[in-house]
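Open the model in a viewer and keep the sequence panel visible. The stops below give a selection to make and then say what is found there.

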Amino acid sequence: NMPYGTALYALRERGSLQPGETALVLGATGSVGYAAVQLAKVLGARVIAAATGAAKAAAVREAGADEVVDTRTPDWKDQVKALAGPRGVDVVVDPVGGAAMDTAFRTLGWGGRHLVVGFASGDIGALRGNLTIVKGASLIGVDLRQYRERQPEAARRLLEDVAALHRDGRIRPHIAASFTMDR
């Protein structure tokens, strides 16, 4: 539930993702990334997922990604830009950080929003401040824990929305393995 809560908070509350916009999801096979792929589709976006390798690409396509780029290829930024078209990416969901942060920010179009969710790469990303001016873009922090502390009623409603989406079959968590109770 928490990865989906984080992803919905990021996309809807912080990123104001709109139907018809393009979302780039970094780390798309991680827990928050996988949830963000599904929720961006639920919100009506076109989704470009960033993953590594054929197996992960297949997994994010199954989650609903429209396109997949392999971040191990040196030209992945150019691939994203070509897929996004002249308008560019509207929202980046970034649970990865590190070098990918700067690269992904450069795919944003005018008025784009880069959502900083975490640093799974182990490195905090760095960004040259002038890029925000050139692109008229925003760098937005996402922290569900603080949202729950500061706006508990809004956070409760958000998590109820996640539960309803799951109940209605509109989101499907990836189940890597299941075990019998005796195990």
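In which helix does Leu131 lie? Select residues 130-135: this is helix 6, and Leu131 lies in it. Helices here are DSSP runs of H or I with at least four residues, strands are runs of E with at least two, and both are numbered from the N terminus.

Before going further, note that this is a predicted model, in which local features need pLDDT of at least 70 and side-chain atom pairs count only at pLDDT 80 or more, while totals for chains, interfaces and linings use all residues. Residues are numbered from 1 along each chain as its sequence is written, and side-chain values use heavy atoms, with hydrogens and water left out.

**Leu131 and its surroundings**

Stay on Leu131. Is this residue buried or exposed? Leu131 is buried, because its relative accessible area is 8%; buried means under 20%, exposed over 50% and partly exposed in between, with a 1.4 Å probe and protein chains only. Now show its contacts, meaning heavy atoms within 4.5 Å. Leaving aside neighbours within four places in sequence, Leu131 is in contact with Asp102, Phe105 and Arg106. A distance label between the C-alpha atoms of Leu131 and Arg106 should read 7.6 Å, for a separation of 25 residues in sequence.

**The nonpolar cores**

Next, colour the largest nonpolar core, a core being a set of buried Ala, Val, Leu, Ile, Met, Phe, Trp, Tyr and Cys residues joined through side-chain atoms within 4.5 Å. This core has 40 residues, and Leu11, Val37 and Leu39 have the most contacts inside it. Two or more residues come from each of helix 1, strand 1 (22-25), helix 2, strand 2 (46-51), helix 3 (54-63), strand 4 (89-94), helix 7 and helix 8. Helix 2 gives the most, with seven residues. A second, separate core has 17 residues, among them Val89, Val96, Leu108 and the Leu131 of the opening stop.

Zoom in on Val37. Not counting residues up to four places away in sequence, Val37 touches Val25, Ala28, Val47, Ala49, Val60, Ala63, Gly64 and Ala65.

**Helix 2**

Widen the selection to the whole of helix 2. Its 12 residues should span 16 Å, and its end C-alpha atoms are 17 Å apart, which agrees; the expected span is 1.5 Å times one less than the number of residues. How many residues of helix 2 are buried? Nine of the 12 are, and the helix is mostly covered. The buried set is Val32, Gly33, Tyr34, Ala35, Ala36, Val37, Gln38, Leu39 and Ala40. These residues pack against helix 1, strand 1, strand 2, helix 3, strand 4 and helix 8. After the helix comes Gly44, with a positive phi near 90°.

**Helix 8**

Select residues 152-167. Helix 8 has 16 residues and reaches 22 Å from its first C-alpha to its last, close to the expected 22 Å. Ala154, Ala155, Leu158, Leu159, Val162, Ala164 and Leu165 are buried in this helix. Against which helices do they pack? The partners are helix 1 (2-14), helix 2 (31-42) and helix 7 (144-150). Just after helix 8, Gly169 takes a positive phi of about 75°.

**Three partly exposed residues**

Go to Ser16, in the loop between helix 1 and strand 1. Its phi is near 50°, a positive value in a residue other than glycine. Ser16 counts as partly exposed, at 38% relative accessibility.

Move to Arg87, in the loop between helix 4 (76-84) and strand 4. Arg87 is partly exposed, with a relative accessible area of 48%. Beyond residues up to four places away in sequence, Arg87 touches Gly20, Glu21, Thr22, Gly109 and Trp110.

Then pick Gly141 in strand 6 (residues 138-141). At 42% relative accessibility, Gly141 is partly exposed. Leaving aside neighbours within four places in sequence, Gly141 is in contact with Arg14 and Val116. The C-alpha atoms of Gly141 and Met101 are separated by 13 Å, at 40 residues apart along the chain.
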